Structure formats: C-alpha cells, structure tokens
Amino acid sequence: MTNASPQITPDQVKSALGRFATGVVVLSIRDGKPPEGAPPGAFDADPDEDFDDPADDIAATLTAFMPVSLFPPIVAISVDLSGYLAEVLQRRAHWGLSVLGASQGALAGRFSAAGRPSARLLLAAEEHHRGALTGALLLDRAGATLECVTDSHREVGDHLLVTASVVSASTGGKDPLVRYDRAYRQLTRRD
C-alpha cells in the first residue's frame with residue numbers, strides 16, 4: 001500500500017473529503033446474544049462469554065456507509081478502530097442500520113456525541129422496534145432500515161472496514177438527511 005505524501009496534512013484530507021456529500025445512518029448493535037432464529041453470523045460471540053446479564057444496545061451515527069452489491073445484497077461500513085463500536089463489531093455479527101430522513105438531524109447529533117448513554121436511553125422518545133432477525137434497534141420513522149450480518153471485517157488505516165449481507169430491508173419514503181462540508185443538510189427537491 002502506498003503511504004500518503006508527507007506534504008498533505010490530515011486537516012487537508014478532512015477538508016477535501018468534507019466536500020463529498022453522503023447519506024447519514026444510525027448503526028445499532030446489541031452487545032449480547034442474537035435473538036432465536038437469527039441467521040448464523042461469521043463472527044458469533046465467544047460461547048464462553050457471559051451474556052446472562054441484560055444486553056446493552058449501542059448505536060452511533062455513521063456517514064461511512066455504502067451499498068456494495070445488489071445480488072447478493074451486501075453493504076459496507078467503516079468505523080473508528082479505537083472506539084468501542086469497532087470492538088463490538090468484531091465480536092457481534094448481527095446489527096441494523098436506520099437511514100435517517102431530512103428531519104432527523106438532531107437524532108444524528110445525539111448518536112455522534114462523545115460519551116453518549118445507551119442507545120435505548122437515546123431512543124426513549126423515538127418510535128422504534130427490534131429487528132426480527134438481528135435484535136437491533138431500528139427507527140420506525142427512518143427513510144429505510146436494513147438488518148445485516150457481518151461477512152468480514154478488516155483493519156484499514158485507523159478504521160475497521162466491515163462488509164455485511166443484508167438479511168432484511170424496508171423503506172419509509174422520507175427525504176434523506178445528508179452530510180456535506182461537516183454539517184447535516186437537507187436536499188432541495190426540484191420537481
């Protein structure tokens with residue numbers, strides 16, 4: 001792999017990549033056992049690990065999400081390798097994504113704040129449900145929801161790159177929330 005030129009700074013890269021408009025999703029993962037009947041995952045938890053305690057739900061706002069394949073349906077995400085979410089994604093295979101709508105910028109901010117509490121607490125005022133196949137928390141008013149099972153993960157630079165099979169998908173028909181130039185924005189329709 002070729003290293004970046006020593007003349008380029010992280011701030012220059014961040015500024016340039018900020019000019020790339022991207023959708024915004026909330027990833028939710030249950031840090032515990034998947035529900036009965038869940039599809040088998042490539043990286044199930046260690047069977048000796050104690051999951052008798054009530055599972056905690058964690059969630060985070062992501063903009064590093066992309067569809068990879070329609071047949072079979074595969075998506076990819078990227079998360080900071082130093083965060084707890086990367087640790088959980090390496091041992092838990094079942095998770096969900098809620099594609100945020102234009103009116104959900106405040107919700108995106110809640111799930112991107114450092115030191116945020118459990119996802120269940122952050123979603124207490126939001127209509128949501130558990131995915132039938134993953135147990136992940138999914139927003140009822142999202143533009144779309146996906147339930148995913150990890151196929152592979154790999155360290156790439158300072159991030160964890162995860163590819164996953166989509167095992168369930170639904171749409172809500174909302175206009176999307178977009179991140180551009182370090183801010184959440186709404187698209188303007190030109191009908």
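Where is I8 found? Start at the beginning of the chain in this predicted model, and you will meet I8 in the segment before α1, the helix that covers residues 10-17. How covered up is this residue? I8 is partly exposed, because its relative accessible area is 40%, and partly exposed stands for values between the buried limit of 20% and the exposed limit of 50%. I8 also has company: together with V13 and L17, I8 forms a nonpolar patch on the surface. The accessible area of these three residues adds up to about 260 Å².

Let us move on to a sheet. Three strands build an open sheet, and their order is β1-β11-β12, with antiparallel pairing. The edges of this sheet are β1, residues 22-23, and β12, residues 183-186, each of which pairs on one side only. Look next at how β11, residues 177-180, meets β12: these two strands pair in the antiparallel sense over four bridges. You can pick out one of the contacts yourself by finding L177, whose bridge partner in β12 is Q186.

Now for the spaces in the structure. The largest pocket holds about 1,400 Å³ of space. Its lining is made of 39 residues, and those closest to the centre of the pocket are L62, T63, A64, S78 and H159. Several elements each give at least two residues to this lining, among them α1 and β11, which you have already met. The strands β3 (56-62) and β5 (73-80) do so too, as do the helices α2 (84-91) and α4 (119-122).

Stay with β3 for a moment, since D56 is found in this strand. Is D56 buried, partly exposed or exposed? D56 counts as partly exposed, because its relative accessibility is 32%. D56 also shows how a fold can bring distant parts of a sequence together: R30 is 26 residues away along the chain, yet the two C-alpha atoms are 6.0 Å apart in space.

Finally, let us look at a cavity. How many cavities of 30 Å³ or more does the structure hold? There is one, and the largest cavity contains about 30 Å³ of space. V26, S28, A59, S98, L123, L137, L138 and L139 line this cavity. Two strands, β2 (25-31) and β8 (137-139), each supply at least two residues of the lining. Of the elements involved, β8 gives the most, with three residues.

How values were computed
Residues are numbered from 1 along each chain as its sequence is written. This is a predicted model: local features need pLDDT of at least 70, side-chain atom pairs count only at pLDDT 80 or more; totals for chains, interfaces and linings use all residues. Side-chain values use heavy atoms; hydrogens and water are left out. Patches are made of residues with over 30% relative accessible area and no salt bridge: like charges are joined within 9 Å, nonpolar side chains (Val, Leu, Ile, Met, Phe, Trp, Tyr) within 5 Å. Accessible areas come from the Shrake-Rupley method with a 1.4 Å probe; for residues, only the protein chains shown count as cover. A salt bridge is a side-chain nitrogen of Lys or Arg within 4 Å of a carboxyl oxygen of Asp or Glu. Buried means under 20% relative accessible area, exposed over 50%, partly exposed in between (1.4 Å probe, protein chains only). Two strands pair if DSSP finds at least two bridges between them. On a 1 Å grid over the protein atoms alone, a cavity is a set of points where a 1.4 Å probe fits but cannot get out, and a pocket is an open set with protein on both sides within 12 Å along at least five of seven lines; lining residues have an atom within 4 Å of a point. Grid points are joined across faces, edges and corners, and a volume is the space filled by probe spheres set on the points.
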